[in-house]
Structure formats: C-alpha cells, structure tokens
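This briefing is intended for a bench biochemist who wishes to read the model beside its sequence. Please keep both in view while going through the points.

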Amino acid sequence: MTNEHSRGEQTKREKAQLAPRGQSSASVFAELFARKSADADWHHGRTFNLVYPTGRSDLDELLIEANMAYVFENALNPLKFPSLGSMQRDVVEMTSALVHAPEGAGAGFSSGGTESIFLSVLVSRERAREEKGITRGNIVFPESAHPAFAKAAFYTGLEIRPTAIDASFAADVHSMRDAIDENTVLCVGSAYGNPHGIIDPIEELSALALSREVPFHSDSCIGAFVLPFMERLGYDVPAFDFRLEGVTQMSCDVHKYGYSTKGASVVVYRDEAWLAHQTFDYDVWPSGRYRTASMAGARAASPIAAAWATMRYLGEEGYLELMSSLMATTEKIRTGIASIDGLRVLGNPIGPLLTFTSDNDDIFAIGDVMDDRRWNLNRTARPHGLHMMISPLHANYADEFLQDLSDAVRHHGPSRGIGAGYNERS
Ligand SMILES: *Cc1c(COP(=O)(O)O)cnc(C)c1O
C-alpha cells in the first residue's frame, strides 16, 4: 500500500475506477455542466472554427429534435432501420446535385471530411492497383491541403508529395506537374484551402491530372455548401466541381457550412462503379456476411437524421438567405480588419474564411489579447496569422470583435508564442 493511500488520498487509478454506487442525475449534470463551463463559448460568437452556428433558434431546435429522434438507433444496418438508409440516400443525392455530379455518378455518406477523404484515397489506391498495376503509389497535394490527405496516406500505405503554394496562397500548378509520375494514384486541390481560405486553381489542376490520366479530388469540405450559393447570389465563383471534366471525386461536409451537427459528410465519385472499392465485404464469419461501405461498424444514427432534417428544412431558399447575410458579415469583418493599423488579410479570399497578419506587430501577441478576451482564433504557422471561419451568428458580434481587435493592436505585451493546440482543429 502506498503512503498516499495510507494518508487517505485517492491514487490516480482509484479515481478512475467506476464508483461502487451511482450518483443522482442532478449531481451528474451539475458536474457535467461545471466541466462544460470551461469550454469555448460558441453561443456568443466567440469561436471561428469547430462550430458553425447560424444563430437561428428554429434551426437549432430542429437539430436537437432530429438528433433526439435517433439517439438510440444504429446505422450499421440500414435494413433494420430503413429510414436511415433512405435519409442517407437523400442527403448524398441532394449534395451530389449541388456539386453538379453527372449522370452515372455515385456517392457515399461518411462521418466527416476526414473519412470522406480517407475513402477517396482508398478508392484511388485500389483503382490504381486494379487498372494500372501500381503497388507503390503516391498522392500529390498542395501543402495547404488538409492533413486528412496525409493521414489517409498513412493509413493506406501511400507516399505523400506535398507541392508548393504561390504568393497568393493558391496551389502552384508547375510544382504539381513536376511531382506527378507514373505511380501517382491521386492529385488534389482545395476549394477552399483551410489555412488561408484560398481556392486553388481547380480548373488548371484538374486539367493537368486529366492529361496525365490521374484522378483528381476537389476537396470541397468547406466549399460545397458555400460556393454553389455564392454563385446563385451572383458572386464571381471559379469552377471547382464536376462541371470540370478532370474532377473525378469530391468531399463535401454537411457539418460545416451545411449547418448540420457533427458527423455528416458526403464523398462523391464521377463513376458509381468506383464505390465498390470503398466497400468491405466479408463472408467467412460464423455470423454470416458482413458488409460496410465506410470505416466504422456500429455507427451513430443521429448525424444522418440531423443532416437530412437540416437540408430539407432550409432548402435552397434557406441556404441562400444564410449565405447572403454571411457574406455581408464577412465583408464587414474583412474591411474592418483592413482598416486597423498594420493589419492585412492574406491573399484575396472570396468567401467566409480568411487569415490576417500584422506588418507592424507580432500577430500572436495580438492573438493573446484576443484569447484573454475569450475570442478563439486559431494561429497559422506559415506565415504567422490569425485564422477565421465566419458563421452567420457572427453578424451580431462583428462590432464587438473589431473593437476588441483594434484595442488588442494598440495594447498588447510580448507574445506567449504560437499557443498550445493551434493545429488541433477542424
Ligand atoms: C475540415 C476540413 C477537412 C476535414 O474535415 P473533418 O470534418 O474535420 O474531418 C478537410 N478538408 C478541408 C478543406 C476542411 O476544411
């Protein structure tokens, strides 16, 4: 027995054990909400990533009700819960239509952008093996591509080839051209790239991939629910989807600017037949045949219901209304930042995300003051900057944000550094 124990203190192991008797639900929730009070306060527009709030209580209530209706179900077997199978089909079809998937395209539902990208990389590796006999493949992506591509390569045993971005923070086409070889199984571009909110030249990149007979993934985890609505509102939007012949696959997150709660994304392929490569089918188990089309086995049902309910409830009109107010807020924040002494937005982002830096001050020192005022701005490493994904809710907080930012520029101390966890984000 340890000294701590004889003094009556609990060891770490004892604390972690299941208590002999349960607590009352009141005391469980008292502790739960006490712990939760230290979390980022997204309700009051304090976060610029991770949560994408609309500020619409009707939509929040719909999301809660849709989640609640499926808290106990399991999406592993849609034959037992046909409602889940049919809602999943509706979500992937509505999303495919948004990005102009052609006749004969196929799509799957997944738990998020990372899983959609994993599936796309897996499918590309399998196609390359089957169609070209490639056994030691590589994937080529601009260094601004989401880490999910490197993570997928890690899982699937592919080599990664990050390529350069240019002074405007967009993928450099020459660098990608140089990196492609006969073992390249997939090329990538982002619409939007997360670090700087810049859209890569998808038209040129996908044409390059097509000319080398390599599949091309347009990562529209952010853009799929932003760019189609900006286009309908009359903004000048570059081509990024299946209307480009070279785009063979796309990832589209419903749980970002589709405004659904977490756990909903869609991966779309130009050819429905490729879906077979992401399906695992096993029939020598004593229990019989086991077949899944994504990574998980037992799987939450709520995200399917939430994604479906959100898309049905908002419709095109609802998304257009949100987008139009979001763009007004973005414009206000963007011009507000540019009018503060020394601050500058990186590149020329055309949507609701941006990164800014300072020509006069240490931008991380400014970020520290913003942290102290309980704003949550991610740091970017190259170049040093503060990163924002603006949501419709920020309409109510833009003035307060800009006031605090301008104070922070005038009154800050030395920087505390890049900060813990700056890169642990979505
Ligand atoms: C968020 C994001 C991802 C990853 O999506 P998760 O839902 O976080 O897994 C991939 N690509 C881009 C461009 C993203 O912004």
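The points below cover domains, helix α3, a residue of helix α5 and salt bridges. The model is predicted, so local features need pLDDT of at least 70 and side-chain atom pairs count only at pLDDT 80 or more, while totals for chains, interfaces and linings use all residues. Residues are numbered from 1 along each chain as its sequence is written, and side-chain values use heavy atoms, with hydrogens and water left out.

**Domains**
- The protein is divided into domain 1 (66-311) and domain 2 (316-411), with bounds that come from an automatic or database domain assignment.
- Taken over C-alpha atoms, the centres of the two domains are 28 Å apart.
- Contact (heavy atoms within 4.5 Å) involves 26 residues of domain 1 and 25 residues of domain 2.

**Helix α3**
- Helices (H or I, at least four residues) and strands (E, at least two) are DSSP runs, numbered from the N terminus; helix α3 spans residues 25-36 and includes F29.
- F29 is partly exposed at 43% relative accessible area, where buried means under 20%, exposed over 50% and partly exposed in between (1.4 Å probe, protein chains only).
- V28, F29, L32 and F33 make a nonpolar surface patch of about 370 Å². Patches are made of residues with over 30% relative accessible area and no salt bridge, with like charges joined within 9 Å and nonpolar side chains (Val, Leu, Ile, Met, Phe, Trp, Tyr) within 5 Å. Accessible areas come from the Shrake-Rupley method with a 1.4 Å probe, and for residues only the protein chains shown count as cover.
- R35 and E31 also lie in helix α3, four residues apart, about one turn of the helix.
- Their side chains meet in a salt bridge at 2.5 Å, N to O; R35 is exposed at 60% relative accessibility, and E31 is partly exposed at 35%.

**T95 in helix α5**
- T95, in helix α5 (residues 82-98), is buried with a relative accessible area of 0%.
- Not counting residues up to four places away in sequence, T95 touches F225, C252, V254, V266 and M311.

**Salt bridges**
- A salt bridge is a side-chain nitrogen of Lys or Arg within 4 Å of a carboxyl oxygen of Asp or Glu, and by this rule the count is 23.
- R344 and D359 form one such pair at 2.9 Å, N to O. This pair links distant parts of the chain, 15 residues apart: R344 is in strand β10 (residues 343-345) and D359 in the loop between β11 (353-358) and α12 (363-372).
- A network of salt bridges links R373, D404, D407 and R410.
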